[in-house]
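Me: I'm new to this one. Could you walk me through its aromatic rings and explain the terms as we go?

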Amino acid sequence: MAAVYVQQIINGLTIGSVYALIALGYTMVYGVLEMINFAHGDVYMVGSFLGLLVLALMGPSASLVGGSVALVLALTLLGAMAGCALLGVGIERLAYRPVRGTSRLGPLIAALGVSLFLQNAAMLIVGTRPKAFPPLIEKHLYHVAGAVFTNLQVLILAASLGLMLLLDQFVRRTRWGRAMRAVAQDAEVASFMGVEVNTVVILTFLIGSVLAGGAGIMVGLYYGIVDFFMGYIAGLKAFTAAVLGGIGNLRGAMLGGLLLGLAESFGAGFIGAQWRDVIAFAVLITVLVFRPGGVLGEQLPEKV
Amino acid sequence: MTRAPVTGLSNVSRGALVGLLLAGLVAFGLVADEYLLDIGVLVGVYTILGLGLSIVIGQAGLLDLGYIAFYAIGAYWTALLSTHFGVNFWVLLPTSAAVAALFGVVLGYPTLRLRGDYLAIVTLGFGEIIRITLNNWRELTNGPMGIMNIPHPRIAVSGVGVLEFGLKVQTYYYFVLVLAIMTVFVVRRLIHSRIGLAWKAIREDELAAGAMGVDVRRAKLLAFGLGAAFAGLAGSFFAGRAGFVSPESFTFAESVLVVCIVVIGGAGSLAGVIAGAIVFIALPELLREAARYRMLAFGVAMVTLALVRPQGLLGRTWVGEERDEDRAAEAGVARGITSRVSGGS
Amino acid sequence: MSALLGVRHLTVRFGGLTALQDLSLEVRPGEIVGVIGPNGSGKTTLFNCITGLYRASAGSIAFGDPPAELAHLGPHDIVERGIARTFQTLRVFPNLSVLENVLIGLHCRRRAGVLGAIFRPTWVVAEEADAIRRVSELLAIFGDRLLPRTTWPARSLSYANRRRLEIARALATDPRLLLLDEPTAGMNPTEKQELTGVIRTIRERGVTVLLIEHDMRVVMQTADRVFAMNYGERIAEGRPDEVARDPVVVEAYLGKMTSRA
């Protein structure tokens with residue numbers, strides 16, 4: 001019996017860490033700009049497709065590379081991350097910066113528009129049917145307490161945690177990390193202290209998009225298929241994870257992602273897989289209504 | 001209420017214009033072929049949806065991204081009660097509106113106090129929950145296969161005869177025309193009333209409105225519930241006309257479509273919403289190849305609109321920094337949502 | 001006579017900051033009470049508490065006769081009970097007309113609902129006409145400054161006119177107690193004189209006034225009593241001339257008590 005639980009935990013943590021990577025992008029942008037980047041999920045989707053593109057381009061020359069899986073994987077990741085970075089920064093520059101601070105809903109509308117655009121552009125370019133993602137990594141199975149997990153799951157967990165750790169250290173110890181935190185606290189005062197706010201914003205989008213691109217590749221490898229619509233659902237779930245952990249809080253996003261992954265895994269196990277997505281939405285509404293600060297956020301007295 | 005309509009036209013010429021328009025719409029129903037009438041019915045339905053949502057977005061300033069859920073609720077209420085219990089369509093039409101309104105109030109009660117962008121996401125979530133539930137709860141809704149053989153409306157007047165709506169497009173065209181005209185009438189009256197003014201004030205400055213005695217929560221619930229009612233009404237019509245409902249008619253993309261009609265076409269004005277329905281529904285239907293690019297174009301249009309009218313389209317929500325009263329006053333709800341990037345502590 | 005407003009041991013804390021500390025204040029019917037104090041002393045916080053925008057950490061706010069506790073009520077409930085306010089930062093509805101701005105004040109005193117809006121029975125039509133009459137009446141308090149401009153959007157008015165509009169809007173709620181938060185801020189001396197007269201007129205109409213002001217001349221000319229604050233506490237209370245000379249008060253202001261020219 002325990003084997004089922006262990007299995008669900010493993011699966012939950014794996015998908016949860018992917019959610020966490022995407023959630024970081026949402027939470028950072030919200031922390032710095034107080035805006036919900038509705039299009040972030042679609043950047044993740046683009047990352048997957050960029051991975052496909054890189055692989056397709058490398059196709060014939062894969063053998064030239066010596067067939068080294070690690071190298072192919074690295075190049076794919078790099079390509080996806082770089083592409084997403086460009087995309088994310090581009091979106092910020094073109095669609096978000098002009099409406100920054102004008103109203104609360106203006107940036108959301110702009111983000112919604114960008115999301116629509118990316119989804120439909122992808123649909124028109126690659127078609128409505130899901131595409132297969134080549135299994136680059138040979139599967140090895142491990143057995144623990146009656147549960148089975150694969151080396152891919154280990155890899156994803158390790159890579160995600162590694163990236164999160166990197167980000168955590170970056171934000172806490174480096175100059176630019178401090179600058180980001182300053183802008184998140186109070187952009188105006190930060191600028192008085194000599195922080196170049198626009199650069200910080202660009203950096204925020206860049207990091208978030210890079211992580212999203214990485215997540216896209218991981219999901220491609222894990223599930224083996226990608227489609228133009230995956231960004232929408234994953235994006236909402238990742239946003240839920242960010243809110244769950246306390247929006248604006250980096251460690252919260254990481255925690256929230258893992259928690260959501262676990263909740264989904266267990267929930268799907270008990271209620272049924274088709275209700276997977278409902279779990280995330282229900283969590284979202286519940287958190288926002290009852291504890292909007294999330295798990296790690298502040299709990300403040302209710303207004304009159 | 002007493003503000004003269006701001007169109008630069010005198011009341012007489014306005015009346016004449018409206019009369020001409022109505023005559024044209026009636027004539028259209030008589031001369032157009034089935035294909036065009038079909039489009040006409042579609043435009044009619046989306047006009048009702050657009051007008052309903054314009055109360056929520058345009059008047060009260062609440063961004064609802066899951067509006068189509070209420071349309072679905074109306075449609076399924078009609079579908080279920082007519083196929084399982086044989087309830088008369090003419091009872092189901094108004095009750096669908098009422099049931100949808102009820103859902104609107106239930107959803108709105110805990111959520112309408114949320115900040116604008118959070119409300120948008122929550123409503124999106126609600127819309128998806130409804131769709132997924134309709135898709136998965138097979139015992140109730142028959143899942144993705146939907147509900148078939150929904151009886152079409154019929155009017156039986158003893159001594160005179162029976163009018164079966166059946167599949168007669170023309171009949172449905174006039175039916176939706178009547179519903180749409182009623183909707184325009186009601187929405188107009190609401191906008192120019194005491195409650196309409198309260199909505200305007202909330203849209204301008206929610207805090208000040210509350211400080212002047214407006215029960216903001218109640219007003220928002222009213223807008224939300226009324227908007228949902230119109231969607232439910234449209235949904236009931238849809239079920240009666242199509243004879244068949246399934247979850248795939250009620251996706252997020254549909255909600256976005258109605259939002260586009262209101263925001264891009266309407267920007268809060270009634271005539272604009274109607275124009276939006278015509279443009280966004282009729283045009284893609286008529287230009288079949290272009291339909292694939294419809295959503296793409298919407299995306300671009302939304303971004304452009306946000307850039308060009310950053311403060312205008314949804315009424316004046318906050319421009320510039322927040323004021324101190326607002327920050328502290330939103331303490332319980334919004335503050336948690338404004339906790340900062342802390343790097344972990 | 002018993003107090004109209006009784007604030008007792010009011011304490012307001014925001015996290016680590018104590019904005020109001022054990023504050024007690026009484027306002028009797030028909031009075032004009034001035035509240036003075038340097039910036040940041042908690043005057044607007046006091047107003048926000050009374051009007052339900054902030055929730056107190058401790059203490060009570062009693063209003064009316066028999067006294068009703070206000071501390072747990074929302075802003076619109078408090079307005080219904082008879083307390084209205086203006087804002088230090090001036091918050092008229094910029095895109096609504098002068099008429100509509102004042103009409104909002106009447107919202108809580110009217111009863112037309114959804115059905116009334118749709119079907120417009122005679123009583124609703126009559127209520128609307130009555131409301132417009134009331135608006136004109138209120139605007140007339142300011143002579144011909146606002147009356148000729150009822151269709152103008154509020155944002156197109158001069159600064160002083162917007163301040164006046166805000167007062168008219170607050171009066172439309174038919175309050176027993178009116179809270180004015182720095183109503184003469186940014187006005188020139190002539191405008192201030194005019195407003196002083198308006199404040200007295202308001203009192204003559206039976207409305208009690210609680211007035212935050214920096215301009216001591218305005219305070220002297222209108223207030224029966226003055227309540228001085230600093231750091232969220234009361235530092236002095238009494239007749240205007242007494243309080244103005246109180247060394248504690250003078251020190252709090254560091255001598256900056258001249259009215260701005």
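Reply: Sure, starting with two residues that are both buried: B:Tyr172 and B:Phe237. This is a predicted model, where local features need pLDDT of at least 70, side-chain atom pairs count only at pLDDT 80 or more, and totals for chains, interfaces and linings use all residues. Residues are numbered from 1 along each chain as its sequence is written, chains are lettered from A and ligands numbered from 1 in the order in which they are written, and side-chain values use heavy atoms, without hydrogens and water.

Me: What makes B:Phe238 and B:Phe250 an aromatic pair, and why is it called edge-to-face?

Reply: Rings of Phe, Tyr and Trp (its six-membered ring) pair if their centres lie within 6.5 Å; planes under 30 degrees apart are stacked, over 60 edge-to-face, the rest tilted. Here the centres are 6.2 Å apart and the planes make 85°, so the pair is edge-to-face.

Me: Why is B:Phe238 called partly exposed?

Reply: Buried means under 20% relative accessible area, exposed over 50%, and partly exposed in between (1.4 Å probe, protein chains only). B:Phe238 has 21%, so it counts as partly exposed. B:Phe250 has 2%, so that one is buried.

Me: How do you know that the charge of B:Arg217 sits over the ring of B:Tyr109?

Reply: That takes NZ of Lys or CZ of Arg within 6 Å of the ring centre and within 35 degrees of the ring normal. The charged end of B:Arg217 is 4.1 Å from the centre of the B:Tyr109 ring. In chain C, C:Arg111 lies over the face of C:Trp123, at 5.4 Å from the ring centre.
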